[in-house]
Every structure is written in structure tokens, then in C-alpha cells.
Amino acid sequence: MSDWPQGHNGGDRHGRGSTGAEPEGARVMRQVQRGSGAGPRPSAPSRGVPPQPTYTDGYGEDAYDGYNTGQVYGSPGGGGPQEPPGSHGRGPRPAPNWRKRIKWTAITVVTVLVVVSVGTYFWADSKLKREVDLSKVIDRPDGGEGTNYLIVGSDSREGMSAEEKKKLHTGSAEGKRTDSMMILHVGDNGNTMISLPRDSNVTIPTFKGSESGKTFPGTGRQVKLNAAYAEDGPELLVRTVEANTGLRIDHYAEIGFGGFAKIVDAVGGVEMDIPKAFKDDKSGADFKAGKQTLNGEQALAFVRTRYAFAGSDLDRTKNQQKFLAALASQTATPSTVLNPFKLYPTMGAGLDTLTVDKDMSLWNLASMFWAMKGITGGEGKSMNMPISGNSANGNLQWDTAKVKTLVNQLKNDETVTVSGN
């Protein structure tokens with residue numbers, strides 16, 4: 001008697017019917033099970049239910065998690081297992097890409113700095129007053145190594161109100177004269193700043209008028225150096241310095257009273273160590289000995305005073321060098337350069353009243369400025385033009401032999417060994 005339950009079709013234990021043919025559904029299911037190689041075969045068929053295939057998730061685990069209905073769960077399109085409920089299609093949040101963030105932050109900062117720098121350059125360049133034409137200077141000496149600047153402080157009162165003139169003790173004289181003159185040599189073997197006393201005795205050479213274009217022959221006329229500026233301005237001053245020294249001047253820079261005081265105030269004052277107290281009613285100077293911070297008004301009085309000193313103009317030129325070097329040193333500090341609220345007022349105050357030659361670039365101006373700063377730090381030399389005594393007309397006479405040696409050293413960009421008074 002058969003062990004199969006009633007209702008069976010009388011087939012054998014493999015599900016084949018009495019005819020010996022296997023039911024189609026059972027055959028297909030068995031082939032799927034054998035071909036998949038994805039898991040163990042069922043130990044025995046369930047009664048009345050054909051054997052079901054076993055599916056795994058690719059890691060040897062049952063993908064159905066206990067469900068064995070033969071239904072395959074997956075995406076609406078029938079492809080692959082469905083994501084767990086509540087995932088909403090989102091995987092784990094990726095870690096921040098700090099390298100990429102730092103890269104783009106750096107690019108942004110550099111871009112902003114470039115834009116600001118370029119804008120500042122064109123702003124500053126547009127404010128320079130390029131009014132001195134050195135091409136009008138005739139019979140010029142040959143150039144040498146390095147760059148030579150003629151730096152002039154004039155007593156110009158242009159743009160100053162009556163109240164400002166009174167406050168700064170400038171007086172109200174018309175026109176303008178030179179209160180200080182310096183040659184600054186910038187080279188590879190050290191920078192040198194040489195003051196030219198305004199009372200220096202010089203010969204006015206043949207020159208071409210800066211306005212008329214007319215040639216004025218030299219007659220051997222001897223005057224104080226500042227008279228050349230008063231007679232025909234910067235071009236004749238350059239011509240006279242070149243003719244009396246043999247040194248070619250490459251660039252010219254001049255600033256007046258008002259501009260000088262504004263620069264000092266814009267930078268917040270300049271600290272000076274004054275070795276000995278002095279007072280001068282004409283310049284308004286009244287200083288005690290010791291370290292102190294000078295504002296614009298006090299600074300102007302300091303660099304103009306000469307009657308309070310035994311050496312008169314020679315002592316004044318030393319104070320002028322000392323102060324300009326200190327001003328350059330204090331201005332070129334991070335607290336000024338990196339602070340736009342100090343940098344732009346300082347630059348604006350200086351550029352508004354600075355007069356330069358037509359070929360002066362901002363790079364030349366920066367080079368001049370940094371050279372002055374370097375001299376303060378001991379990276380160069382400051383001196384007066386060597387003086388041998390007084391001339392017949394009472395002016396200061398240059399020491400011809402020393403001046404010749406000095407000029408040769410500057411032309412060849414050698415270390416200066418000559419000393420001044």
C-alpha cells in the first residue's frame with residue numbers, strides 16, 4: 001500500500017505521475033535550485049508543495065529572513081533587494097573633504113588679495129603727481145650702477161589755509177624754496193643717504209628753461225644750492241647737482257610742508273629720541289630731551305630748526321635724515337601696512353602732496369622708501385656732503401677731493417668709505 005496521502009496522483013516519490021512524467025512546475029523549480037548553486041537542497045519536499053529554491057544575498061545569508069513563500073521581494077522593476085524601511089534611499093553621510101575645502105578657501109583668499117592689491121596699485125598710481133620732466137635737463141653725466149634719487153623737502157604752502165600756516169609756523173611767503181635736499185643711492189653694496197646743505201656753494205651751469213625752453217649760458221655765477229630751485233624749479237636743481245657732482249640723478253621726489261605734516265599724523269606720530277632739549281621761536285620747536293612721539297606739527301618744527309644749533313644747517317640736515325629714516329621705519333610696519341584704516345590715509349596723505357618725475361613708478365617709489373627704512377636699521381650709511389670750510393661768499397664749500405671719491409664709489413656701486421661732516 002502506498003505511503004502517499006490520499007488525493008495524490010499516484011506518481012512516485014519525485015512527484016512524477018502515474019504516467020512517469022514529472023510535473024512541469026516541479027521540474028522547473030528543481031532546475032532552478034540545482035543551477036543556482038546558492039544554498040543547500042531541501043532535505044525533503046513538503047507535502048503537496050513542490051520544493052522551493054533558496055536565495056541568498058551574496059554573503060551566504062538567506063535573503064528572505066524566514067519568509068519562504070516563493071515570492072521575490074525587490075524594487076518595482078523587479079531588480080535586486082529592496083532597501084530597508086525608513087532609509088529613504090540615503091546611505092551613510094560621507095566624511096567632509098577637508099582638503100577640497102582648504103583648497104577653495106585658499107583660492108578665494110588669494111583672489112581677494114590680488115583684486116585688492118591691483119585696485120590699490122592703480123589707485124595709488126593715479127594719485128602720483130608726475131610733473132618734473134628730467135628730459136629737459138641738458139648735458140647730463142653718464143649713468144652708473146644702482147639708482148640715484150634726489151629727495152627734496154620744499155617750503156611750499158600750496159593748499160594750506162591761513163590757520164594751518166599759523167599753526168605750522170610756515171609764514172606766508174609766496175612761491176617755494178627747498179628746505180632740505182638729499183641724494184639717496186640704492187645699490188647692491190649698501191644704500192647711502194647724503195644730505196646737501198641748502199647753503200652749499202655751487203656754480204649755476206648752462207641750462208634750458210623748464211618753461212621757456214630758452215638756453216641760459218653759464219657765467220660762473222656762484223650761489224647757494226637752494227637758489228637754483230628758486231630760480232627755475234626742480235629741473236634746474238637737478239641740472240646744478242649733476243654739474244657740480246658729476247653724478248647722474250635718475251629720479252626726483254619732492255614733498256611740501258602740508259603733506260609732510262599730514263603723513264606724520266596719518267601714521268599716528270613718529271617716535272624720536274632727542275638727545276638734548278632745544279627751542280626755536282622761528283620754527284616753533286620746543287622739545288625736551290628723551291624719547292617722545294612727535295605729531296605732524298612737532299615733526300615739521302623738528303626738521304626745520306637750524307638756529308638753535310651751533311652747526312646751523314649741518315646739524316639740521318642730520319636731524320632731517322634721522323627723522324625721515326624713523327618715519328620710513330615706522331610706516332613700513334605690519335600695524336600700518338596690514339591695517340587699511342592706517343595704510344590708505346597714510347598713502348593718501350603722502351601721494352596727494354608728493355611731486356615726482358615723469359618716469360617715476362610706484363616700484364621706484366617703494367624702492368626709495370624701503371632703502372630709507374633700511375638705513376635706519378643699519379643697512380646702509382647716512383652722511384652730509386663733505387665740507388672743507390666756507391667759500392669767499394660765506395657759503396659752505398664742498399671738499400672737492402672727497403666729493404670726487406664719493407661720486408666714483410656711488411657710480412661703481414661700491415661701499416662708501418668717505419665720511420661727511
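The exercises below, each with a worked solution, concern a predicted model of a protein.

**Exercise 1. Overall make-up**

Describe the secondary structure, the burial and the contact pattern of the protein.

Solution. Begin with the secondary structure, where the protein has 11 helices and 17 strands. Next take burial: of the 421 residues in the protein, 38% are buried. Then turn to the surface, which amounts to about 24200 Å², with 53% of that exposed area supplied by carbon and sulfur atoms. Finally, consider the contacts between residues at least 6 apart in sequence, of which 64% join residues at least 24 apart.

**Exercise 2. Two neighbours in strand β4**

Determine whether Thr192 and Met193 are buried or exposed, and list what each of them touches.

Solution. First place the residues: Met193 lies in strand β4, which covers residues 191-195, and Thr192 lies in strand β4 as well. Second, apply the burial cut-off, which is under 20% relative accessible area. Because its relative accessible area is 4%, Thr192 is buried, and Met193, with a value of 1%, is likewise buried. Third, collect the contacts, leaving aside residues up to four places away in sequence: Thr192 touches Ile183, Leu184, His185, Ile375, Lys381, Met383, Leu410 and Val416, while the residues touched by Met193 include Met182, Gln321, Met372 and Ser382. Fourth, examine the contact partner Ser382 in sequence and in space: Met193 and Ser382 are separated by 189 residues along the chain, yet their C-alpha atoms are 4.6 Å apart.

**Exercise 3. A serine in strand β3**

Decide whether Ser180 is buried or exposed, and name the residues that Ser180 touches.

Solution. Ser180 belongs to strand β3, which spans residues 178-186. Its relative accessibility is 14%, and therefore Ser180 counts as buried. Once residues up to four places away in sequence are set aside, Ser180 touches Ile151, Val152, Gly153 and Gln320.

**Exercise 4. Aromatic pairs**

Classify the ring pair of Phe207 and Phe216 and the ring pair of Phe278 and Phe302.

Solution. The protein has 8 aromatic pairs when ring centres within 6.5 Å are taken as the criterion. For Phe207 and Phe216, the ring centres are 5.0 Å apart and the planes meet at 20 degrees, so this pair is stacked. The two partners can also be assigned by accessibility: Phe207, at 6%, counts as buried, whereas Phe216, at 32%, counts as partly exposed. For Phe278 and Phe302, the centre-to-centre distance is 6.1 Å and the angle between the planes is 40 degrees, which gives a tilted pair. This second pair links distant parts of the chain, since Phe278 is in strand β11 (residues 278-280) and Phe302 is in helix α6 (residues 296-304), 24 residues apart. Both Phe278 and Phe302 are buried. As a last step, place the pair in its surroundings: Phe278 and Phe302 belong to one aromatic cluster together with Phe260, Phe287, Phe309 and Phe323.

**Exercise 5. The largest pocket**

Characterise the largest pocket by its volume and by its lining.

Solution. Start from the volume, for which the largest pocket holds about 1400 Å³ of space. Its lining consists of 47 residues, and those nearest its centre are Thr331, Met347, Leu351, Leu365 and Phe369. Sorting the lining by class gives 34 nonpolar, 10 polar and 3 charged residues. Sorting it by element shows that helix α10 (residues 362-376) supplies the largest share, 8 residues.

Key. Residues numbered from 1 in each chain as written. Predicted model: local features only at pLDDT ≥ 70, side-chain atom pairs only at ≥ 80, totals over all residues. Heavy atoms only, no water. Helix = DSSP H or I, 4+ residues; strand = E, 2+ residues; numbered from the N terminus. Buried < 20%, exposed > 50% of the residue type's maximum accessible area, 1.4 Å probe, protein only. Contact = heavy atoms within 4.5 Å. Areas by Shrake-Rupley, 256 points an atom, 1.4 Å probe, with all protein chains shown as cover. 1 Å grid on protein atoms, 1.4 Å probe; cavity = no way out; pocket = protein on both sides within 12 Å on 5 of 7 lines; lining within 4 Å. Points joined across faces, edges and corners; volume = space filled by probe spheres on them. Nonpolar A, V, L, I, M, F, W, Y, C, P; charged D, E, K, R; others polar. Phe/Tyr/Trp six-rings, centres within 6.5 Å; stacked < 30°, edge-to-face > 60°.
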